[in-house]
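Welcome! Please open the structure in your viewer and keep the selection tool at hand. We will go from one stop to the next, and at each one you can pause and look around.

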Amino acid sequence: MSTIPRLVIAAPASGSGKTTVATGLMAAFTEAGLTVSAHKVGPDYIDPGYHALATGRPGRNLDAYLCGPGQIAPLFLHGAAGADLAVVEGVMGLYDGASGLGELSSTAQVAKLLRAPVVLVVDASAQSRSVAALVHGFASWDPEVRLAGVILNKVGSDRHEELLRAALDEAGVPVLGALRRAPQVQTPSRHLGLIPVAERQADALESVRAQAAQVRAGCDLKALLALAHSAPELPGTAWDPALAVAQGAEGAEGAEGAENTAPVPGKPVVAVAGGAAFTFSYAEHPELLRAAGAEVAVFDPLRDERLPAGTQALVIGGGFPEMYAAELSANAPLRRAVVDLAASGAPVVAECAGLLYLSRTLDGKPMCGVLPADARMSERLTLGYREAVALADNALAVAGTRVRGHEFHRTVLEPGAGAFPAWGMTHPARRVEGHVQSGVHASYLHVHWAAEPSLARRLAARAADRPPLEARRG
């Protein structure tokens, strides 16, 4: 049983200001001397970067679709270990979940699984007494959701605040904060949402500080902390990456090393792309790789002209390579190193942005050329949860491995599937997607490895079978 104090910050709809409020609360409580654990409902990669900046700890995701409802509390307990307070930022509207699947993956479901009180952030800019009806509807829709208070956002004046507070007093819902419009706390956006922290480090830090100041001035931090402490004990045990990897090996029929649940020998070096162009990753992925026995070496394809010393496998996650296509293309030495690694048969796993980086061209600019495909920006946004199955044994998965993933991009790859596709999509539409060739597994699909730890161990085991980079060059 755990007694970690916790709050869920939700909203009636996207755009209400919950990211500003949640990040501001995290920063304000951290500045007050508390150790704060930050969490984000859903598959979002960008908000956790701001959360990490606010707290000094990794921002973590809680996604009941990708990982299953049964993993939410264990993953939360793992991420919040040692914290004085946990703040969970919701996704979209409080009751919005995976399309057509009821409450699955909604903020409301996660709040119930965590037995956490909910604070609703309401954009009050165009209403007064009607706010009470809105909040009453959200509070009464699901009796299992404990909507314990409201933070009013974008309040126009003292008089406006008085009217809003009076209406909510009639409704019996505590007002825990009222925030005025403040342009300096806003975070700039572009085609896929907020601009990641890694692309605007100094400005992002200034924004987070402004958000903390706004929250301190407009919210009752003492009442919010007391509310967090009112959360009941949370049953269960924390997720453990080492145990997850061992259990994943036991359940991976036919996987290399499935008979051996110990970490792979030799500490194989798995290079992981980072920097401003590749910012999308889940905090649990490097933890799983290390638990599987690998050494994780992060490098920046925008700056580093070589792969890390001793590289035996490569992971290139998501991000915004389209914003840095010229710089990535100009780093010809690294592109050649990636080509050499892939040509050697070493395991190379690429998701979304990594898929584009491995292509021949991105918006006409030369990329690595590992894959016989070309990428370009598109007007169409591809977004949503997916179910998929591995069509053949590869560096990441055994044939028949079923996963749930997420697509989120505004680019097109032609052809979208190679002679040997990475995945057969089974829902919401049947199609094949991605490229598998030699040791390369490249796809648009983002997968959370905590849901399928055998992926991390298989990658580490494949890496352990390869000679280090320098040995191959010799």
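**Stop 1: a charged pair.** Select R60 and E287 and show their side chains. The two meet in a salt bridge, with N and O 2.7 Å apart. Keep in mind that you are looking at a predicted model. What is behind such a pairing? Side chains of opposite charge can pair when their charged atoms come close.

**Stop 2: a second partner.** Leave R60 selected and add E284. Here too there is a salt bridge, and the closest N and O atoms are 3.2 Å apart. Now colour strand β3, where R60 lies, and helix α11 (residues 284-291), where E284 lies; because the two residues sit in these elements, their pair ties together parts that are 224 residues apart in sequence. If you would like to look for others, the count of salt bridges comes to 19.

**Stop 3: two domains.** Next, give residues 6-230 one colour and residues 241-471 another. These are domain 1 and domain 2 in the domain assignment of the protein. How many residues does each domain bring to the contact? Domain 1 gives 24 and domain 2 gives 30. The C-alpha centres of the two domains are 32 Å apart.

**Stop 4: the interface.** Stay where the two colours meet. About 2,500 Å² is buried between domain 1 and domain 2, and 64% of this is on carbon and sulfur atoms. Two salt bridges cross the interface. Between the domains there are also eight residue pairs in polar contact, counting pairs with both residues at pLDDT 80 or more.

**Stop 5: the side of domain 1.** Select these elements in turn:

- β3 (60-62), α3 (64-67) and α4 (72-79), each of which supplies at least two residues of the side that touches domain 2.
- α3 once more, as the largest share of that side, three residues, comes from this helix.

Try colouring this side of domain 1 by residue class: you should find 13 nonpolar, seven polar and four charged residues.

**Stop 6: the whole view.** Finally, zoom out and switch to a cartoon. The protein has 16 helices and 22 strands. Its radius of gyration is 23 Å, close to the 23 Å that the globule rule gives for 474 residues, so the protein is as compact as a globular protein of that length. Turn the model along its principal axes, and the C-alpha atoms fill a box of roughly 75 × 45 × 45 Å.

Key:
Residues are numbered from 1 along each chain as its sequence is written. This is a predicted model: local features need pLDDT of at least 70, side-chain atom pairs count only at pLDDT 80 or more; totals for chains, interfaces and linings use all residues. Side-chain values use heavy atoms; hydrogens and water are left out. Domain bounds come from an automatic or database domain assignment. Contact means heavy atoms within 4.5 Å. Buried area is the accessible area (1.4 Å probe) that two parts lose on being put together, summed over both. A salt bridge is a side-chain nitrogen of Lys or Arg within 4 Å of a carboxyl oxygen of Asp or Glu. A polar contact is a pair of N or O atoms within 3.5 Å; within protein, one must be able to donate a hydrogen and the other to accept it, and residues adjacent in sequence count only if both atoms are side-chain atoms. Helices (H or I, at least four residues) and strands (E, at least two) are DSSP runs, numbered from the N terminus. Ala, Val, Leu, Ile, Met, Phe, Trp, Tyr, Cys and Pro count as nonpolar, Asp, Glu, Lys and Arg as charged, and the others, Gly among them, as polar. The radius of gyration is taken over C-alpha atoms; the globule rule is 2.2 Å times the number of residues to the power 0.38.
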